Amino acid sequence: DLVLEFIKHGLMGIEAYYPEHSQSMTNFYKALAKKHNLLITGGSDCHGSAKPDVKIGSIKIPYELVEELKEARMRI
């Protein structure tokens, strides 16, 4: 419900790829993004020495999503 409220206020994307998401959670967020025309992002949640076991690049997203983010940036 909170995400839907954020969409009303201009939310443009949602992080579907995240290390603590199960595959079903990732699928849920991807479907939510598709349903509401949101960009899909992902990240490793790396915070440097604050999270030494979490490494940048540990989460991969399809390159087409990177292209969609680039295109969206040009429209802003």
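**From a helical turn to a β-α-β crossover**

Glu5 and Lys8 both belong to helix 1, where three residues, or about one turn of the helix, lie between their positions. In this predicted model, the side chains of Glu5 and Lys8 meet in a salt bridge, with a distance of 3.7 Å from N to O. The two partners fall into separate classes of accessibility: Glu5 has a relative accessibility of 35% and therefore counts as partly exposed, while Lys8, at 66%, counts as exposed.

The setting of this pair is a protein chain with three helices and two strands, and from the N terminus on these elements follow the order α-β-α-β-α. Along its principal axes, the C-alpha trace of the protein chain spans about 35 × 30 × 20 Å. Of the 76 residues in the protein chain, 18% count as buried. As for how the chain meets itself, 58% of the contacts with a separation of 6 or more are accounted for by residues 24 or more positions apart.

The strands can be taken next. Strand 1 and strand 2 pair in the parallel sense, and four bridges make up the pairing. Between them the chain passes through helix 2, and the β-α-β crossover that leads from strand 1 to strand 2 is right-handed. Two positions help to place the strands in register: Ile14 has Ile40 of strand 2 as its bridge partner, and Tyr17 stands opposite Gly42, also in strand 2.

Helix 2, the connecting element of this crossover, covers residues 23-35 and has 13 residues, and from its first C-alpha to its last it reaches 18 Å, close to the 18 Å expected at 1.5 Å a residue. Its buried residues are Thr26, Leu32 and Ala33. When the helix is seen down its axis, these buried residues fall within an arc of 125°, and so they line one face of helix 2. That buried set packs against three elements, namely helix 1 (2-8), strand 1 (13-17) and strand 2 (39-42). On the other side of helix 2, by contrast, Gln23, Ser24, Lys34 and Lys35 are exposed. The packing of helix 2 thus involves both strands of the parallel pair, and it also involves helix 1, the element that holds Glu5 and Lys8.

What value does phi take at Asn37, just after helix 2? Asn37 has a positive phi of about 55°, and this positive value occurs in a residue other than glycine. The point deserves attention because most residues other than glycine have a negative phi. Asn37 is found in the loop between helix 2 and strand 2, and it is exposed, since its relative accessible area is 72%, over the 50% that the class requires.

Beyond strand 2, the loop that runs from strand 2 to helix 3 contains Ser44. Is Ser44 buried or exposed? Its relative accessible area is 10%, which is under the 20% limit, and Ser44 is therefore buried. If residues up to four places away in sequence are not counted, Ser44 touches Pro19, Val54, Lys55, Ile56, Gly57, Ser58 and Ile59. The two loop residues considered here thus differ in accessibility, with Asn37 exposed and Ser44 buried.

The last helix brings the account back to a pairing of charged side chains. In helix 3, which covers residues 63-75, Lys70 and Glu67 are three residues apart, and this spacing separates them by about one helical turn. The side chains of Lys70 and Glu67 meet in a salt bridge, again at 3.7 Å from N to O. Both of these residues are partly exposed, Lys70 with a relative accessible area of 37% and Glu67 with one of 30%. The count of salt bridges comes to two: one joins Glu5 and Lys8, and the other joins Lys70 and Glu67.

Definitions and conventions. Residues are numbered from 1 along each chain as its sequence is written. This is a predicted model: local features need pLDDT of at least 70, side-chain atom pairs count only at pLDDT 80 or more; totals for chains, interfaces and linings use all residues. Side-chain values use heavy atoms; hydrogens and water are left out. The expected span of a helix is 1.5 Å times one less than its number of residues. Buried means under 20% relative accessible area, exposed over 50%, partly exposed in between (1.4 Å probe, protein chains only). The arc is that of the directions from the helix axis to the C-beta atoms. Contact means heavy atoms within 4.5 Å. A salt bridge is a side-chain nitrogen of Lys or Arg within 4 Å of a carboxyl oxygen of Asp or Glu. Two strands pair if DSSP finds at least two bridges between them. A crossover is right-handed if, with the strands pointing away from the viewer, the path from the first strand over the helix to the second runs clockwise.
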